[in-house]
Amino acid sequence: MPTLDLQLEFPIEDEVLYLNHAAVAPWPKRTVEAVSQFAQENMQRGATDYPHWLEVETALRKKLAKLINAPSQKNIALQKNTSEGLSVIAYGLNWQPGDIIVISDQEFPSNRIVWESLQSLGLKVVEVPLNGPDPEQAIIEALTPSVKLLSISSVQYGTGLALDLEKLGAACRQRDILYCIDAIQSIGALPFNVQTNQADFVVADGHKWMLGPEGVALFYINDRMLNQLKLHQFGWHMVKLRGNYDVKEWEPASDAKRYECGSPNMLGTYALNSSLELLLEVGVNQVQEQLLSNIQYLEELLSQRDDLELLTDTQRPLRSGIITFKHKQIASTELFEHLKKAGIVCAYRGGGIRFSPHFYTPKERLKRAVDLIPQFA
């Protein structure tokens, strides 16, 4: 790992055992400083430096493109959140009655509700169970000729199940099915490559593993679909001649900015740009290595306890930054309240307790968290 003082970047209070990056992550110190500086300049100079603000916005697009190995920043739009990005896709596609959308039975509501909202148009949503021995094959078997789109989370939020995105992408290409990935639980934690997984669309908010704020999200669209979605949001920001206010004739931008209708979240842009600077400085592969080392350590600690049961499938070769477990003698909802009072920031998800550290989380804090789980003789 490059020379980087992680304790300086993440000065989280010692009594706070933060294991909830799959929900909302703490900001790095450099991100706090970038936001503070932006606010100070705004107070003292207003929008005098707006051209520089746009340079930061461009830098963020480039970082997001690099993070997912997109062909170009032209394939990147900035949205408010994952739900908005999914909605742009859902209501931009040309559907026909009888079209089928395939999702899994473990999706976070963002990647379920939007597709269910289309059922009034005569579409059908099929939920594929993922609790079998080969979840990828179960999904592929559901890709019948009537399926128009597969929308799947790269990592399931409840159990941390990580899917083989390349295998699913190849299956979609063979069947001419559109492929959408909700990557909010992997980008910033695990390597992600849109060129090898062949995704048509990728959406991911920045406030989890990317260590950024709420209110800024990645929206990726590949070249073949770039100009294919119907537009439902319009404004000064999404036009080709943006900034030319004297011309009344207009047409949408030729790149992904056509899906950004109005003024950007510039404060969030500054924040996420700084957080991604840190992740890219460390290196995505190194982030993954450190994170999975933490997950393996947690798995070892939890497995040593006879009163705990792992809900995450630890036998699969693909792993994520999530590990979920339950207590054999204490209801998960009750245990969650106990852990919260003990200073452990985690979540009740997937029927159990979800721990989600990041690459920088000290192993000593992982040990303390497990030790705080009640034991019975």
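A polar contact here is a pair of N or O atoms within 3.5 Å, and within protein one of the two must be able to donate a hydrogen and the other to accept it. With that in hand, start at D200: its side chain and that of R224 are joined by such a contact of 2.7 Å. Keep in mind throughout that this is a predicted model.

**Around D200**

D200 sits in the loop between α8 (194-197) and β7. Its side chain has a second polar partner to look at, the side chain of R173, at 2.9 Å. D200 has a relative accessible area of 0%, and because buried means under 20%, D200 counts as buried. Leaving aside neighbours within four places in sequence, D200 is in contact with R173, I177, L178, Y179, Y220, I221, N222, R224 and M225. So both arginines that pair with D200 through their side chains, R173 and R224, turn up in that contact list as well.

**The whole chain**

Stepping back, the protein chain has 12 helices and 13 strands. Its radius of gyration is 21 Å, and a compact globule of 377 residues would come out near 21 Å, so the two agree. Along the principal axes, the C-alpha atoms fill a box of roughly 75 × 60 × 35 Å. Buried residues account for 54% of the 377. As for contacts with a separation of 6 or more, 71% of them link residues 24 or more positions apart. The accessible surface is about 16800 Å², and carbon and sulfur atoms hold 50% of it. On the charge side, there are 36 positive and 45 negative charges, and their mean positions lie 3 Å apart.

**Helix α4 and its surroundings**

How much of helix α4 (residues 82-90) is buried? Seven of its nine residues are, so the helix is largely enclosed by the rest of the structure. The buried ones are T82, E84, G85, L86, V88, I89 and A90. Among the elements that cover them are β2 (76-79), α5, β5, β6, β7 and β8. At the N-terminal end, N81 acts as the cap of α4, with a side-chain oxygen 3.3 Å from the backbone nitrogen of S83.

Two of those covering elements are worth a visit. In helix α5 (residues 110-116) you will find N111, which counts as buried because its relative accessibility is 0%. The side chain of N111 makes a polar contact of 2.9 Å with the side chain of E107. Not counting residues up to four places away in sequence, N111 touches L86, I103, S151, I152, S153 and D182. One of these, L86, is also on the list of buried α4 residues.

Strand β5 (residues 147-153) is the home of V147. With a relative accessibility of 6%, V147 counts as buried. V147 and V102 are 45 residues apart in sequence, while their C-alpha atoms are 7.0 Å apart in space. Once neighbours within four places are set aside, V147 is in contact with I100, V102, A142 and I177. I177 is a familiar name, since D200 contacts it too.

**Y50, a longer reach**

Y50 belongs to helix α3 (residues 50-68). Is Y50 buried, partly exposed or exposed? Its relative accessibility of 28% makes it partly exposed, because that category runs between 20% and 50%. Apart from neighbours within four places in sequence, Y50 is in contact with P264 and M266. M266 is 216 residues away along the chain, yet the C-alpha atoms of Y50 and M266 are separated by 9.9 Å.

**Two positive phi angles**

Finally, a pair of loop residues for anyone checking the backbone. D176 has a phi near 55 degrees, a positive value in a residue other than glycine, and L211 has one near 65 degrees. D176 lies in the loop between α7 (165-175) and β6 (178-182), while L211 is found in the loop between β7 (201-205) and β8 (217-221). Buried or exposed, which is D176? D176 counts as exposed, with 62% relative accessibility, whereas L211 is buried at 0%.

Here are the accessibility values of the residues visited above, side by side:

| Residue | Relative accessibility | Class |
|---|---|---|
| Y50 | 28% | partly exposed |
| N111 | 0% | buried |
| V147 | 6% | buried |
| D176 | 62% | exposed |
| D200 | 0% | buried |
| L211 | 0% | buried |

Note on methods
Residues numbered from 1 in each chain as written. Predicted model: local features only at pLDDT ≥ 70, side-chain atom pairs only at ≥ 80, totals over all residues. Heavy atoms only, no water. Helix = DSSP H or I, 4+ residues; strand = E, 2+ residues; numbered from the N terminus. Rg over C-alpha atoms; globule rule 2.2 N^0.38 Å. Buried < 20%, exposed > 50% of the residue type's maximum accessible area, 1.4 Å probe, protein only. Contact = heavy atoms within 4.5 Å. Areas by Shrake-Rupley, 256 points an atom, 1.4 Å probe, with all protein chains shown as cover. Lys, Arg positive; Asp, Glu negative; His and termini not counted. Charge placed at Lys NZ, Arg CZ, Asp CG, Glu CD.
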